[in-house]
Amino acid sequence: MATLEFSKLHGTANDFVYVDARHGVPGDPAELARRLCDRHRGIGADGLILLLPSERGDCRMRIVNSDGSTAEMCGNGIRGFAKFVLDGGLVRANPLRVETDAGVKTVRAEVADGRVRRVAVDMGTPEWSGRKIPVDADGDVIDRPLEVAGRVWSVTCVSMGNPHCVVFVDDPGALDLADVGPRFERDPFFPKRVNTEFVRVTGPARLTMRVWERGAGETMACGTGACAAAVAAARTGRADRRCTVALPGGDLEIEWRPDNHVVMTGDAVEVFRGRIEV
Ligand code: ZDP
């Protein structure tokens with residue numbers, strides 16, 4: 001048995017357990033994530049996020065989904081990560097350069113009364129090339145028909161460091177996501193599985209979406225997913241390059257800059273800190 005200190009934070013209600021793992025963690029991170037994220041037998045979270053040392057940035061973030069799989073990048077999680085690191089004085093740098101499996105991201109924290117409140121993240125550039133996302137297609141996948149769960153959907157695919165499939169629909173609220181989501185996630189068109197966003201364009205600068213996340217199921221929000229929805233909407237002429245994405249857990253502001261970088265801004269909230277025997 002070992003005692004693990006953790007913080008629990010959320011960004012737009014996408015919640016994570018954060019652990020300073022610069023000196024290691026007890027046992028296997030995948031097993032640890034499954035135990036800690038369990039909402040009945042553990043702390044409860046959509047994923048586990050570890051602070052690690054970095055040679056390329058100020059620090060490194062690793063995200064393990066609640067099912068134990070590893071994700072390359074995590075938009076809501078990286079905002080909480082900045083708050084965890086900066087409020088705790090674990091690393092002192094703002095902007096903070098965070099190494100992820102999707103490259104080094106620059107994170108700017110808005111601080112008020114000595115606490116991080118909102119965070120803007122340069123999420124890098126979208127990757128549209130099918131094989132690189134990866135999806136099982138050559139070239140870009142823009143409004144392409146794909147049959148899943150006995151229905152033909154029009155899908156636009158993009159990587160924001162992790163793979164996304166954006167589907168524009170009239171009424172995301174009417175979908176049986178628990179049925180349709182896993183079928184997208186496990187469809188052979190997506191060799192590394194996929195995060196799927198069901199999006200309604202509600203104005204020239206406003207999208208409403210629900211997300212089924214790879215390795216985590218339906219969540220209240222997905223930062224990389226909101227970026228994916230925004231660039232897919234802009235590229236297909238459905239919305240402006242600057243928009244608000246409304247998710248069940250709250251709003252995210254997304255800007256697809258002229259230099260092709262996507263900047264996401266949203267909240268970062270600490271819920272509690274604690275110790276747990278593992
Ligand atoms: O790519 C994946 O496996 C995602 N489930 C990772 C988590 C993404 C996240 N919800 C986000 O906000 O980008 C943290």
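**Strands, cores and cysteines in a predicted model**

User: Which handedness does the β-α-β unit made by β11, helix α3 and β12 have?

Analyst: Happy to walk you through this predicted model. The unit starts from strand β11 (residues 163-168), passes through helix α3 (residues 177-185) and arrives at strand β12 (residues 195-203). The two strands run parallel and are joined by five bridges. The handedness of this β-α-β unit is right-handed.

User: Which residue in β12 is the bridge partner of V166?

Analyst: Let's look at the pairing of β11 with β12, where the strands are parallel. Within β12, the partner that bridges to V166 is E197.

User: How many residues lie between β12 and β13 in their hairpin?

Analyst: Strand β13 covers residues 206-213, and β12 pairs with it in the antiparallel sense over seven bridges. In that pairing, V199 stands opposite M209 of β13. The two strands form a hairpin, and the number of residues between them is two.

User: Is S7 buried or exposed?

Analyst: S7 sits in strand β1 (residues 3-11). Leaving aside neighbours within four places in sequence, its contacts are F16, V17, Y18, F84, F272 and R273. The relative accessible area of S7 is 7% and the cut-off for burial is under 20%, so S7 counts as buried.

User: Which helix gives the most to the largest nonpolar core?

Analyst: That core has 56 residues, and F81, L96 and I254 have the most contacts inside it. The top contributor, with nine residues from positions 223-235, is helix α4.

User: How many residues make up the second, separate core?

Analyst: This core stands apart from the largest one, and W153, V169, L177 and W212 are included in it. Its residue count is 21.

User: Why is there no bond between the sulfurs of C165 and C157?

Analyst: C165 is buried, with a relative accessible area of 0%. The closest cysteine sulfur to that of C165 is in C157. A disulfide needs the two sulfurs within 2.5 Å. The pair is too far apart for a bond because the distance is 4.2 Å.

User: Which cysteine has the sulfur closest to that of C222?

Analyst: C222 is buried as well, with a relative accessible area of 4%. Its closest cysteine sulfur is 7.6 Å away, which is too far for a bond, and belongs to C74.

User: How many disulfides does a search of the whole structure find?

Analyst: The sulfur of C165 is too far from its closest cysteine sulfur for a bond, and so is that of C222. Across the whole structure, the number of disulfides found is zero.

Methods
Residues are numbered from 1 along each chain as its sequence is written. This is a predicted model: local features need pLDDT of at least 70, side-chain atom pairs count only at pLDDT 80 or more; totals for chains, interfaces and linings use all residues. Side-chain values use heavy atoms; hydrogens and water are left out. Helices (H or I, at least four residues) and strands (E, at least two) are DSSP runs, numbered from the N terminus. Buried means under 20% relative accessible area, exposed over 50%, partly exposed in between (1.4 Å probe, protein chains only). Contact means heavy atoms within 4.5 Å. Two strands pair if DSSP finds at least two bridges between them. A crossover is right-handed if, with the strands pointing away from the viewer, the path from the first strand over the helix to the second runs clockwise. A nonpolar core is a set of buried Ala, Val, Leu, Ile, Met, Phe, Trp, Tyr and Cys residues joined through side-chain atoms within 4.5 Å.
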